[in-house]
Amino acid sequence: MQGLAAQTIFAIVIENLTKDYGDVRAVDGLSLSIPEAEVFGLLGPNGSGKTTTINCLTGLIKPTGGTLQVSGHDVQTESSKVRAVMGVSPQETAVFPHLTGRENVELFGALYSVPKKTLGSGVDHVMEKVGLMDEAGRRVSKYSGGMKRRVSIAMALVQDPRIVLLDEPTVGMDPQSRRAIWDFIMELRDKGKTIVLTTHYMEEAEELCDRVGIIDHGKLIALGSPAELKSQYSARDLEDVFIQLTGRRIREGA
Amino acid sequence: MKLNRALALAKKDWRRMYREPAFLFMIILFPVILTIAFGTSFGAVGGSQSPTYNIAVVDLGAAGNATWSHQFAQALISTDVMKVQYFQDNLTAQSALSQGKIQGVLLLPASFDASVQSFKSYPSQPAEWVNSSVLLYLDKGSILSAQVIPSIVQQTFENAILGLKGSAPAMPVSISSPSLVRVQSSSVFDSFAPGLFAFASIYMIMMVAQSYTTERENGVLNRIVVTPATSTDVIMGSVISYLAIGLVQVLLVFLCVYALGYHPVADIAGLLVGFLIATVFALCNIGFGLITASIARSAGAATGISFLFLMPQLFLGTFVGMALSSTAQTAARFVPAYYVTDALTSLFTRGAAITSQAVLTDLGVVSASSVIILLVGIQAFKRSVR
């Protein structure tokens, strides 16, 4: 599978995933295997099918065809087991504006049944990692867009999940905050977590990802480590790779 | 379902209640302001009592040839301040009394005719009399009824039936003393007050619907459903939070109406059952809110759709319903709020016992309809989330 050793344990296995919205095929026969402790980047322009793939992995969207497995559990038939091992930060900054940053994170800790004894220290840890310790007591409605996204990431990680799905995790963040999130993601990888992230930022993918999958019009058009892809297409960066594959810049849209 | 998850979600709703001004206004301040507005507008308007008193006569000797009891009833009618309705049994009459349809019940014993006849035959020989007792039940919520009816009944019996010119030193028939009356005054507000409890609660439909649609719009609902929390956890969180909010509403409205002069005649048990009925009604409103949220695609649409459930309850089931036609009042029987207001009127204003048929029927209807509507709401909402 994608050149990986046969004994590799896969955190996520997607086979022939298809998702149709009426006449529009958002994901078209996508197959992908992501081993444990890998940071995997799903790259592509808006509307290419990245978020649909993430939503299928979370069980939020029922695929039209294909199968998805997370930690060996089928997403459709064993959804409760899948949800228990996975932390999700969606594309929209889905937070409760009337709660403080800390209360939002505490709430999601409770939803993941994090024991009360460890919840407090867990919340402190993730709030510190996303750089919001000093702002934890303020209501999220007063936060900037970047701060809301950081809280959203903290909400996905408070239960210390084995698998993390981050949909556009650093959109709208200042460079300093983005760097802090990158460091946090690297730290999670070092701890053996599997991370799947979608991004527009090529430098983010190159910095963080062990492998990337480039997706366009719902199809996986390239897969490999950033270095492999750059070498394969004699490209300066991943943006160049995308241009060579599609004839468009990644931010021009699908 | 895990209770700690439901409680965590309930806590989130409680925080919203006191942190979001619009939410706080609709749930707490609006009912309080409305109650105060009605109380100050109508509280001083007295004299709404009818000059004619409707009483029920239950003639336990009616199976025989009860001529004196019939004459007694006719004599009461001829006073021009009494309207008499015959009831077959005491239970039905008590139910009508507790619902405020009549102001008193006169229970004539089977031996009534024999007692009167014995007096007529031996007016000065008490040893020959057949003694009996007439029982009189009165509306505890009407001080005028309590003051006027016993004396009219007593005088009519002595003068028209026994033919006495003044009070007799002894009679074969004793008329029981009615219960003590605690109500100090009666006003239009007294008849409005029970309806305010249901009125305060029905806006919960809009709040629940808006809450869920807003959470769906900003993505947090989807985010919650990809955690191990189930739809049941989410909905139970709402049920817990809104039940508590419903109880707070009931207590606040009660404090307001009490401060404005509406003093329920119910005892502690009656008050508790009244609060229970009003709180259970919150389940119904949560159910309607969930149904609304499952239909509406946005918070704005939820506001509009919620009026489909809110308006019938408002016009047919609260104090507003008092002014409706008989046809509309018949339609009101299909609205849960009607039974809440009816039960609270029976308990708080009429002083009905918690075991009275009227109260138990209302409690049963409110509980059953609330549970059914809640279950329908849960199913509809679950289907819309997944």
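This text walks through a predicted model, from the make-up of chain B to its cores, its cavities and a pocket lined by both chains.

Start with chain B. It has 15 helices and 5 strands. Of its 386 residues, 54% are buried. Take the contacts in chain B with a separation of 6 or more: residues 24 or more positions apart account for 80% of them.

Now look at the nonpolar interior. The largest nonpolar core holds 135 residues. Val105(A), Tyr212(B) and Phe348(B) have the most contacts inside it. Helix H11 of chain B, residues 268-295, gives the most to this core, with 15 residues. Another core lies apart from it. That one has 29 residues, including Tyr53(B), Val134(B), Val153(B) and Ile175(B).

Tyr212(B) deserves a look of its own. Set aside its neighbours within four places in sequence. Tyr212(B) is then in contact with Leu221(B), Val234(B), Ile235(B), Ser238(B), Leu290(B), Ala293(B) and Phe381(B).

Next, helix H14 of chain B, residues 336-349. How enclosed is H14(B) by the rest of the structure? All the evidence needed is a burial count: 14 of its 14 residues are buried, so H14(B) is largely enclosed. Its length can be checked too. At 1.5 Å a residue, 14 residues should span 20 Å, and the end C-alpha atoms of H14(B) are 19 Å apart, so the two values agree. Just after H14(B), Gly351(B) takes a positive phi of about 70°.

Turn to the empty space. There are 3 cavities of 30 Å³ or more. The largest cavity contains about 40 Å³ of space. Tyr212(B) returns here, as one of the residues lining the largest cavity. Leu9(B), Lys12(B), Asp13(B), Glu215(B), Ile224(B), Val234(B), Gly237(B) and Ser238(B) also line it. In chain B, H1, helix H8 (204-217) and helix H10 (231-259) each give two or more residues to this lining. By class, the lining has 4 nonpolar, 2 polar and 3 charged residues.

Finally, the second largest pocket. About 380 Å³ of space lies in it. It is lined by 16 residues; closest to its centre are Ala110(A), Lys116(A), Leu119(A), Ala8(B) and Lys11(B). Which elements each supply at least two residues of this lining? From chain A come helix H3 (101-111) and helix H4 (116-129), and from chain B comes helix H1 (3-19). H1(B) gives the most, with 7 residues. The lining divides into 9 nonpolar, 1 polar and 6 charged residues.

Notes: Residues are numbered from 1 along each chain as its sequence is written. Chains are lettered from A and ligands numbered from 1 in the order in which they are written. This is a predicted model: local features need pLDDT of at least 70, side-chain atom pairs count only at pLDDT 80 or more; totals for chains, interfaces and linings use all residues. Side-chain values use heavy atoms; hydrogens and water are left out. On a 1 Å grid over the protein atoms alone, a cavity is a set of points where a 1.4 Å probe fits but cannot get out, and a pocket is an open set with protein on both sides within 12 Å along at least five of seven lines; lining residues have an atom within 4 Å of a point. Grid points are joined across faces, edges and corners, and a volume is the space filled by probe spheres set on the points. Helices (H or I, at least four residues) and strands (E, at least two) are DSSP runs, numbered from the N terminus. Ala, Val, Leu, Ile, Met, Phe, Trp, Tyr, Cys and Pro count as nonpolar, Asp, Glu, Lys and Arg as charged, and the others, Gly among them, as polar. The expected span of a helix is 1.5 Å times one less than its number of residues. Buried means under 20% relative accessible area, exposed over 50%, partly exposed in between (1.4 Å probe, protein chains only). A nonpolar core is a set of buried Ala, Val, Leu, Ile, Met, Phe, Trp, Tyr and Cys residues joined through side-chain atoms within 4.5 Å. Contact means heavy atoms within 4.5 Å.
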